[in-house]
Amino acid sequence: MALTYAQLVVAVSDYCENTFNTTDMNTMIKQAEQRIYNTVQIANLRKNVTGTITSGNKYLSCPDDFLSVYSIAVYPNGGGAYTFLLNKDVNFIREAYPNPTDSGTPKHYAIFGPQSANEKELTFILGPTPNATYGTELHYYYYPESIIQSPVATLGAVTGGSSYTNGTYLNVSLTGGSGSSAVADIVVSGNAVTSVTLTQGGSGYVVGNTLSAAASTVGSTGTGFSVPVATIGNTLGTSWLGENFDSALLYGTLCEALTYMKGEPDMVKLVNDRYVQSIALLKNLGDGKQRQDAYRNGQVRVQVS
């Protein structure tokens with residue numbers, strides 16, 4: 001049975017005999033999705049991206065939706081045989097290749113840490129340092145689009161208004177539009193809003209909605225600020241989990257909901273047991289059936305029951 005966002009919200013409310021506000025419901029759904037995606041390796045949730053590394057540059061950036069590595073390969077620029085890199089720790093890379101000027105075809109990689117340009121995203125370090133330009137192919141697990149329906153994806157040009165109090169205001173709730181629960185960081189300069197950085201997309205919005213914020217949340221003065229919704233995500237409120245393994249998503253969200261409600265211990269245990277059962281079935285697929293022919297030893301494989 002396929003499960004949409006609207007159906008999931010109704011089901012969780014009915015099971016819990018409670019009505020949750022949109023912000024809390026969306027938080028519980030995202031926590032459940034995160035738990036599932038970090039528990040099971042699902043072949044359906046892998047991507048391939050290609051790129052290049054240049055001579056003397058031993059760092060390779062991760063994609064924005066990166067979760068974990070399946071494989072990394074390099075090949076001569078323009079085509080040639082693939083060299084699949086072995087996963088090591090950063091200290092191994094530093095010890096094995098202590099001189100950054102020592103170069104060659106990369107053989108190893110490690111997750112080095114956040115990018116300097118974007119601390120939310122990771123960077124790989126390669127060893128040895130590339131001695132030429134190589135093509136790269138990264139096969140990786142990713143965070144798929146959430147089942148949450150019609151969140152704000154991007155915002156348009158800001159109309160700054162006037163008489164606002166200068167400063168940076170974090171996690172400001174945006175008002176207006178057809179949806180709810182969108183949140184942004186807002187910068188006021190020259191007594192006008194100059195920057196709106198979306199931190200939570202909320203749900204239920206449409207392109208062209210005009211959003212603003214209460215003056216009390218941006219220094220208690222000012223008027224006239226607005227920003228349009230440029231794009232939204234997931235207009236149908238569907239997801240891979242909702243379409244293919246709705247039980248894991250439902251019981252995962254119910255676990256979060258009962259924890260939020262401080263539910264009765266027997267009910268918490270019952271729902272958690274159901275969640276564990278659904279995850280076992282999902283792992284039977286992802287870590288079992290889809291992994292039996294995996295080439296490299298050391299990757300998680302679970303015997304199919």
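In this predicted model, the largest nonpolar core holds 50 residues, of which Leu 8, Val 12, Phe 124, Leu 241 and Leu 282 touch the most other members. At least two residues of this core come from each of helix H1 (5-16), helix H2 (22-37), strand S3 (66-76), strand S8 (122-127), strand S10 (134-142), helix H4 (240-244), helix H5 (246-261) and helix H6 (265-288). With 8 residues, H5 supplies the largest share of this core.

**Nonpolar cores**

- Apart from the largest core lies another one, made up of 18 residues that include Tyr 164, Ala 182, Val 188 and Val 227.
- Phe 124, one of the residues of the largest core that touch the most other members, is in contact, once neighbours within four places in sequence are left aside, with Lys 58, Tyr 59, Leu 60, Cys 62, Phe 66, Val 69, Ile 72, Tyr 109, Ala 110, Ile 111, Phe 112 and Leu 138.

**The cavity**

- A search of the whole structure finds 1 cavity of 30 Å³ or more, and the largest cavity encloses about 80 Å³ of space.
- The lining of the largest cavity is formed by Lys 58, Ile 93, Arg 94, Tyr 97, Pro 98, Asn 99, Pro 100, Ile 125, Leu 126, Gly 127, Pro 128 and Thr 129, a set that divides into 7 nonpolar, 3 polar and 2 charged residues.
- Helix H3 (90-96) and S8 are the elements that give two or more residues to this lining, and S8 gives the most, with 3 residues.

**Where the topics meet**

- Strand S8 (122-127) supplies at least two residues of the largest core and also contributes 3 residues to the lining of the largest cavity.
- Lys 58 is in contact with Phe 124 and is also one of the residues that line the largest cavity.

Methods
Residues are numbered from 1 along each chain as its sequence is written. This is a predicted model: local features need pLDDT of at least 70, side-chain atom pairs count only at pLDDT 80 or more; totals for chains, interfaces and linings use all residues. Side-chain values use heavy atoms; hydrogens and water are left out. A nonpolar core is a set of buried Ala, Val, Leu, Ile, Met, Phe, Trp, Tyr and Cys residues joined through side-chain atoms within 4.5 Å. Buried means under 20% relative accessible area, exposed over 50%, partly exposed in between (1.4 Å probe, protein chains only). Helices (H or I, at least four residues) and strands (E, at least two) are DSSP runs, numbered from the N terminus. Contact means heavy atoms within 4.5 Å. On a 1 Å grid over the protein atoms alone, a cavity is a set of points where a 1.4 Å probe fits but cannot get out, and a pocket is an open set with protein on both sides within 12 Å along at least five of seven lines; lining residues have an atom within 4 Å of a point. Grid points are joined across faces, edges and corners, and a volume is the space filled by probe spheres set on the points. Ala, Val, Leu, Ile, Met, Phe, Trp, Tyr, Cys and Pro count as nonpolar, Asp, Glu, Lys and Arg as charged, and the others, Gly among them, as polar.
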